[in-house]
Amino acid sequence: MVRQPRSSGRTGPVRRRTVTGRRRTASLLLLPLLGALVLVTGPVGQAPAQAASPCSGRLVKTVKFSTGSLRVYKSRAYACAVTVARKPGARRAMRVSLQPRGGRAVVDSGRFTELAGPVTVHALNRCVRASGSIGGSSGSTGWIGC
């Protein structure tokens, strides 16, 4: 049963307000927001993704030591290295060094909470060596990628 609006004493056509127009507008605004939320949080029921690597290329060497690890990545023309703390938290002395054969080492050192680096060198057809330290513990590679 449809209710007729009360007469206000006017004559002429009666305009009815439709709620469907407002609902349609609200749904058109809400759908993109929900889509963006799914993109940000990921689909329901899926495990969270791992954090992206700070270096491009593929992982070629990992050297573990008591307080963390040294990771070396290699792409076609570049090599990259980071030192990652095993237990992130308080600031502590960290260092990473990467040297191409025949070139100078690139170093990142300081007091960091999670990682030192990334450091990148041009390594097209070159061997590289890397070293990293956290606190008093360190690790290094020999010449790799030759």
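Here are a few notes on this predicted model, mostly about its two sheets.

1. Confidence first. Mean pLDDT for the protein comes out at 81, with 65% of the residues at 70 or more. The stretch to watch is residues 45-49, where pLDDT is below 50 and the model shows zero contacts beyond near neighbours in sequence. Where pLDDT is low, the predicted coordinates should not be read in detail.

2. One sheet is open and four-stranded, running β1-β2-β3-β6 with antiparallel pairing. The edges are β1 (58-65) and β6 (115-122); each has a single partner strand, so one side of each goes without a neighbour in the sheet. On average, and ignoring direction, neighbouring strands here are turned by 15° against each other.

3. Within that sheet, have a look at β3 (residues 78-85) against β6: the two pair in the antiparallel sense over six bridges. If you want a spot to centre the view on, Thr-83 stands opposite Ala-116 of β6.

4. The other sheet is also open, with four strands in the order β5-β4-β7-β8 and antiparallel pairing. Its edge strands, β5 (106-112) and β8 (137-140), each pair on one side only. For neighbouring strands in this sheet the average turn is 5°, direction ignored.

5. Strand β4 (residues 92-100) and strand β7 (residues 128-134) are joined by seven bridges, again in the antiparallel sense. Here Met-94 is the residue standing opposite Ile-134 in β7.

6. On aromatics: don't go hunting for ring pairs, as the structure holds zero of them. What you will find is Arg-101 lying over the face of Trp-143, 4.4 Å from the ring centre.

Terms used: Residues are numbered from 1 along each chain as its sequence is written. This is a predicted model: local features need pLDDT of at least 70, side-chain atom pairs count only at pLDDT 80 or more; totals for chains, interfaces and linings use all residues. Side-chain values use heavy atoms; hydrogens and water are left out. pLDDT is the predictor's confidence in each residue, from 0 to 100. Contact means heavy atoms within 4.5 Å. Two strands pair if DSSP finds at least two bridges between them. Axes are lines fitted to C-alpha atoms, for helices over the stretch in contact, and angles run from 0 to 180 degrees between N-to-C directions. Rings of Phe, Tyr and Trp (its six-membered ring) pair if their centres lie within 6.5 Å; planes under 30 degrees apart count as stacked, over 60 as edge-to-face and the rest as tilted. A charge sits over a ring if NZ of Lys or CZ of Arg is within 6 Å of the ring centre and within 35 degrees of the ring normal.
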